[in-house]
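The following note sets out points for a colleague who is reading the structure at the bench. Please read each point with the model in view.

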Amino acid sequence: MDVQKVTLRKMTPSEYEVATEHREAETARELGKFMPQELARERAHQGTAQFLPDGLDTAGHHLVVAENGSGEVVGNAWIDPDPRQASSGTASSAWLYDINVFAPFRRRGYGSAILAAAEELVAHEGKTSFNMNVVGDNEGAIAMYQRNGYGVSSMYLSKSVQR
């Protein structure tokens with residue numbers, strides 16, 4: 001696989017709208033495994049309202065698209081201060097809320113390229129670690145993060161039980 005490079009830039013309002021629709025749909029799909037679909041869609045929308053109250057212009061958040069060397073937009077990401085430290089105002093770590101490689105560019109190294117560019121961005125801001133949550137059955141994403149040096153720092157397990 002070729003080593004890809006990307007440049008990050010702030011999303012346009014229309015790119016933000018499309019990214020938000022995609023992220024909320026994916027979130028609702030995951031939450032729908034544990035709750036009714038309508039409630040899952042509502043929770044996904046509430047999450048956006050809570051964490052991005054000013055949308056694209058929410059202070060401290062990086063809502064970016066990734067462009068390859070040909071200027072093609074290959075994906076996007078949402079990066080911000082670690083929510084576990086947000087109340088202190090002195091977050092030393094950043095959080096990857098979302099990363100998305102567009103279908104025509106998948107399995108070509110762009111996920112790792114977007115991740116590397118995001119790491120560079122947060123390091124430039126003085127952050128000393130970069131964290132995220134990954135859905136447990138997203139084996140492709142987990143493998144990509146592990147190839148890029150990420151390890152498990154916490155694990156949440158779940159089992160359905162019924163009478």
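1. Two strands are said to pair if DSSP finds at least two bridges between them. In this predicted model, S4 and S5 meet that description, pairing in the parallel sense over three bridges. One of the positions involved is Ser93, whose bridge partner in S5 is Ser129.

2. How are the five strands ordered in the sheet? They follow the order S1-S2-S3-S4-S5, and the sheet is open with mixed pairing. Strand S1 (7-10) and strand S5 (129-131) stand at the edges; each has a single partner strand, so one side of each is left without a neighbour in the sheet. On average, neighbouring strands of this sheet are turned by 35° against each other, direction ignored.

3. Helix H3 should be examined together with the sheet. H3 lies across S1, strand S2 (62-67), strand S3 (73-81), S4 and S5. Relative to S4, the helix H3 runs at about 155°.

4. Is Asn76 buried or exposed? The residue is found in strand S3, and its relative accessible area is 6%. Buried means under 20% relative accessible area, so Asn76 is buried. Leaving aside neighbours within four places in sequence, the contacts of Asn76 include Met11, Ala19, Val64, Asp98, Phe102 and Ile114.

5. Helix H2 (residues 37-51) permits a check of its length. At 1.5 Å a residue, its 15 residues should span 21 Å, and the end C-alpha atoms are 21 Å apart, which agrees. The expected span is 1.5 Å times one less than the number of residues.

6. Which residues of H2 are buried? They are Ala40, Ala44 and Thr48. Because these residues cover an arc of only 80° around the axis, they lie on the same side of H2. What covers the buried residues of H2 includes helix H1 (13-31). The face of H2 turned away from its buried side carries the exposed residues Glu38 and Gln50.

7. Arg107 merits a separate remark on backbone geometry. Although Arg107 is not a glycine, its phi is positive, at about 65°. Arg107 is placed in the loop between strand S4 (93-101) and helix H3 (110-124). With a relative accessible area of 74%, Arg107 is exposed, the cut-off for that term being over 50%.

How values were computed
Residues numbered from 1 in each chain as written. Predicted model: local features only at pLDDT ≥ 70, side-chain atom pairs only at ≥ 80, totals over all residues. Heavy atoms only, no water. Helix = DSSP H or I, 4+ residues; strand = E, 2+ residues; numbered from the N terminus. Buried < 20%, exposed > 50% of the residue type's maximum accessible area, 1.4 Å probe, protein only. Arc of directions from axis to C-beta. Contact = heavy atoms within 4.5 Å. Axes fitted to C-alpha atoms, helices over the stretch in contact; angles between N-to-C directions.
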